[in-house]
Amino acid sequence: MIFMGLTMYLGYALYERSQLEDDDVAEQRDDDVAEQKGRAFSLPDDMTIVRKDGSSLEIRLKSRTVTEIHFERISDGETFQFSIDQLDETTRELVEQYPATMGSIPSRASAVEDNYVQQLRVAIARIDADLRDMEIKYAASSSKTERRTLRNKAEEMNADRMELEAKIAERQ
């Protein structure tokens, strides 16, 4: 009798625990869906695409037009263009949430050019940060020699900055 009561109690406890876990899984799934809906879709983004034939691929979505996607295959870094209508319904809906670019998908040459301009902008930002640090050192220094050295370095850095800005202007 005690054994049967203990068995029933354990069965009930396990049943309750499984119901709580099912509720937690359902809540997590609802949270994931809500997160996807509230998410700002920006490029580039890593994702898995599934084609109509059921095959899937891990990609980094670079850009999309109304009819095509441009992506990098994560396994080897190769870039491809693919028609959106060849994707399964779920993947197509996901891809269509990303902003569409006007016109055609950028060529590899223009992507390299954009990357170069971005690197130039990063270098300019680095120079600006170094100049701000030098201004602080200049203000804190009481030595004329150190101030002169900092001023000369700042002039050199400003010349480098102007050169980088000229390179950006050439490419735009």
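This is a short talk on one chain, from its overall layout down to single residues.

Good morning. Start with a caution: the model on the screen is predicted.

First, the layout. The chain holds four helices and four strands. Read from the N terminus, the elements go α-β-β-β-β-α-α-α. The chain has 172 residues, and buried ones make up 19% of them. Now take the contacts in the chain with a separation of 6 or more. Of these, 46% come from residues 24 or more positions apart.

Next, the sheet. How are the four strands arranged? They form an open sheet in the order S1-S2-S3-S4, and the pairing is antiparallel. S1 and S4 are the edge strands, and each pairs on one side only. From one strand to the next, the twist averages 50 degrees.

Look at one pair in that sheet. Strand S3 covers residues 68–73, and strand S4 covers residues 79–83. They pair in the antiparallel sense, over five bridges. Which residue in S4 is the bridge partner of Ile-69? It is Phe-82. Further along, Phe-71 stands opposite Phe-80 in S4. So much for the strands themselves. Between them, the hairpin of S3 and S4 has five residues. Gly-77 in this hairpin takes a positive phi near 80 degrees.

Now the charges. Side chains of opposite charge can pair when their charged atoms come close. How many salt bridges does a search of the whole structure find? Eight. I will show three.

Number one joins the side chains of Arg-60 and Asp-46, with 2.8 Å from N to O. This pair links distant parts of the chain. Arg-60 sits in strand S2, residues 56–64, and Asp-46 sits in strand S1, residues 45–50. They are 14 residues apart. Are they buried or exposed? Neither label fits. Arg-60 has a relative accessible area of 26%, so it counts as partly exposed. Asp-46 is partly exposed too, at 42%.

Number two is Asp-76 with Arg-73. Their closest N and O atoms are 2.6 Å apart. Asp-76 counts as partly exposed, at 43% relative accessibility. Arg-73 is partly exposed at 24%. The cut-off for buried is under 20%, so Arg-73 does not qualify.

Number three takes us to helix H4. There, the side chains of Glu-165 and Arg-161 meet at 2.1 Å, N to O. Both residues lie in H4, four residues apart, about one turn of the helix. Glu-165 is partly exposed, at 32% relative accessibility. Salt bridges can also share partners. In this way Asp-46, Arg-60, Lys-62 and Glu-72 are joined into one network.

Stay with H4. It runs over residues 144–170, which makes 27 residues. Does the length fit, or not? Let us check it. At 1.5 Å a residue, H4 should span 39 Å. Its end C-alpha atoms are 39 Å apart, so the two values agree. Which residue caps the N-terminal end of H4? Ser-143 does. One of its side-chain oxygens lies 3.4 Å from the backbone nitrogen of Thr-145. Some residues of H4 are buried: Leu-150, Ala-154, Met-157, Leu-164 and Ile-168 are among them.

Two residues to finish. The first is Lys-52, in the loop between S1 and S2. Buried or exposed? At 56% relative accessibility, Lys-52 counts as exposed. The cut-off here is over 50%. Lys-52 still has contacts away from its sequence neighbours. Leaving out residues up to four places away, Lys-52 touches Asp-85, Gln-86, Leu-87, Asp-88 and Arg-92. Take Asp-85: it is 33 residues from Lys-52 along the chain, and their C-alpha atoms are separated by 8.7 Å.

The second is Thr-91, in helix H2, residues 89–95. With a relative accessible area of 5%, Thr-91 is buried. What does its side chain meet? A polar contact of 2.5 Å joins it to the side chain of Asp-88. Setting aside neighbours within four places in sequence, Thr-91 is in contact with Thr-48, Ile-49 and Val-50. Strand S1 spans residues 45–50, so to see these contacts, turn the view to S1 and H2.

That is the tour. Thank you.

Technical notes: Residues numbered from 1 in each chain as written. Predicted model: local features only at pLDDT ≥ 70, side-chain atom pairs only at ≥ 80, totals over all residues. Heavy atoms only, no water. Helix = DSSP H or I, 4+ residues; strand = E, 2+ residues; numbered from the N terminus. Expected span 1.5 Å × (residues − 1). Buried < 20%, exposed > 50% of the residue type's maximum accessible area, 1.4 Å probe, protein only. Polar contact = N/O pair within 3.5 Å; in protein donor to acceptor, adjacent residues only side chain to side chain. Salt bridge = Lys/Arg side-chain N within 4 Å of Asp/Glu carboxyl O. Contact = heavy atoms within 4.5 Å. Pairing = 2+ DSSP bridges. Axes fitted to C-alpha atoms, helices over the stretch in contact; angles between N-to-C directions.
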